[in-house]
Amino acid sequence: FTAPAKVAKLALPLAILDARKGDKVFILTSLSGRTDTTFSHEAIVSGMQDGYLMYDITNPDYAIRATSGAPVINSKGQVIAINLGGGPQQGGKRGYYGMGNPVSAWKTPLSNTCK
């Protein structure tokens, strides 16, 4: 993919390795229906499930609605996944979980397509 120079410098690098259970990650998105300007939302990786990266969002008031496609980054600022969605925690937990498509699933096919 190409982008104008003024935008290309904003691109985040892709991670080489997948995140691991317990890693702190951040979903970069504004939240639908919210007036605050918070753009970074912390989560903790809970593992992989059916090929998807799973994470528990640390803010129990986070609303997952309309956040699909947001980059999920690690503490180094590398994209580790694309947020797909999530939902309310199960088993009596308060808050939300998220799930993302990890870079390892699409980095090689994307590179091959862009050749």
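Glu42 is partly exposed, with a relative accessible area of 29%. In this predicted model, the side chain of Glu42 meets that of Lys24 in a salt bridge, with 3.9 Å from N to O. Lys24 is also partly exposed, at 41% relative accessibility. Because Glu42 belongs to strand β2 and Lys24 to strand β1, the pair ties together parts that are 18 residues apart in sequence. The structure holds one salt bridge.

**The nonpolar cores**

The largest nonpolar core has 15 residues. Which of them touch the most other members? They are Val25, Ile27, Leu53, Tyr55, Val72 and Ile80. Four elements give two or more residues to this core: β1 (24–28), β2 (40–49), β3 (52–57) and β5 (79–88). Of these, β3 gives the most, with three residues.

Ile80 can serve as an example of the contacts made by a core residue. Leaving aside neighbours within four places in sequence, Ile80 is in contact with Val25, Leu53 and Val72, and also with Ala15, Ala19, Ile73, Asn74, Asn101, Pro102 and Val103. Apart from the largest core lies another one, of six residues, and its members include Ile73, Val79, Val103 and Trp106.

**Residues in the loops**

Several loop residues can be set side by side by place and by accessibility.

| Residue | Loop | Relative accessibility |
|---|---|---|
| Thr29 | between β1 and β2 | 9%, buried |
| Asp50 | between β2 and β3 | 70%, exposed |
| Ala66 | between β3 and β4 | 62%, exposed |
| Lys76 | between β4 and β5 | 69%, exposed |

Is Thr29, in the loop between β1 and β2, buried or exposed? Thr29 counts as buried because its relative accessibility is 9%, and buried means under 20%. Not counting residues up to four places away in sequence, Thr29 touches Thr38, Phe39, His41, Tyr62, Thr67 and Ala70.

Asp50 counts as exposed because its relative accessibility is 70%, and the cut-off for exposed is over 50%. The backbone of Asp50 has a positive phi of about 55°, although Asp50 is not a glycine. Most residues other than glycine have a negative phi.

Ala66, in the loop between β3 and β4 (71–73), is exposed at 62% relative accessibility. How far apart in space are Ala66 and Ser30, C-alpha to C-alpha? The distance is 9.0 Å, while the two residues are 36 residues apart in sequence.

Lys76 is placed in the loop between β4 and β5 and is exposed, at 69% relative accessibility. The C-alpha atoms of Lys76 and Pro13 are separated by 9.5 Å, and these residues are 63 residues apart along the chain.

**The largest pocket**

Rolling a probe the size of a water molecule over the atoms shows where empty space is left. The largest pocket has a volume of about 300 Å³. Lys76 is one of the residues closest to its centre, together with Leu17, Asp18, Asp23 and Asn74. In total, 13 residues line this pocket. What kinds of residues make up the lining of the largest pocket? The lining divides into five nonpolar, three polar and five charged residues. Asn74, one of the residues closest to the centre of the pocket, is also in contact with Ile80, and Ile80 belongs to the largest nonpolar core.

Definitions and conventions:
Residues numbered from 1 in each chain as written. Predicted model: local features only at pLDDT ≥ 70, side-chain atom pairs only at ≥ 80, totals over all residues. Heavy atoms only, no water. Core = buried A, V, L, I, M, F, W, Y, C linked by side-chain atoms within 4.5 Å. Buried < 20%, exposed > 50% of the residue type's maximum accessible area, 1.4 Å probe, protein only. Contact = heavy atoms within 4.5 Å. 1 Å grid on protein atoms, 1.4 Å probe; cavity = no way out; pocket = protein on both sides within 12 Å on 5 of 7 lines; lining within 4 Å. Points joined across faces, edges and corners; volume = space filled by probe spheres on them. Nonpolar A, V, L, I, M, F, W, Y, C, P; charged D, E, K, R; others polar. Salt bridge = Lys/Arg side-chain N within 4 Å of Asp/Glu carboxyl O.
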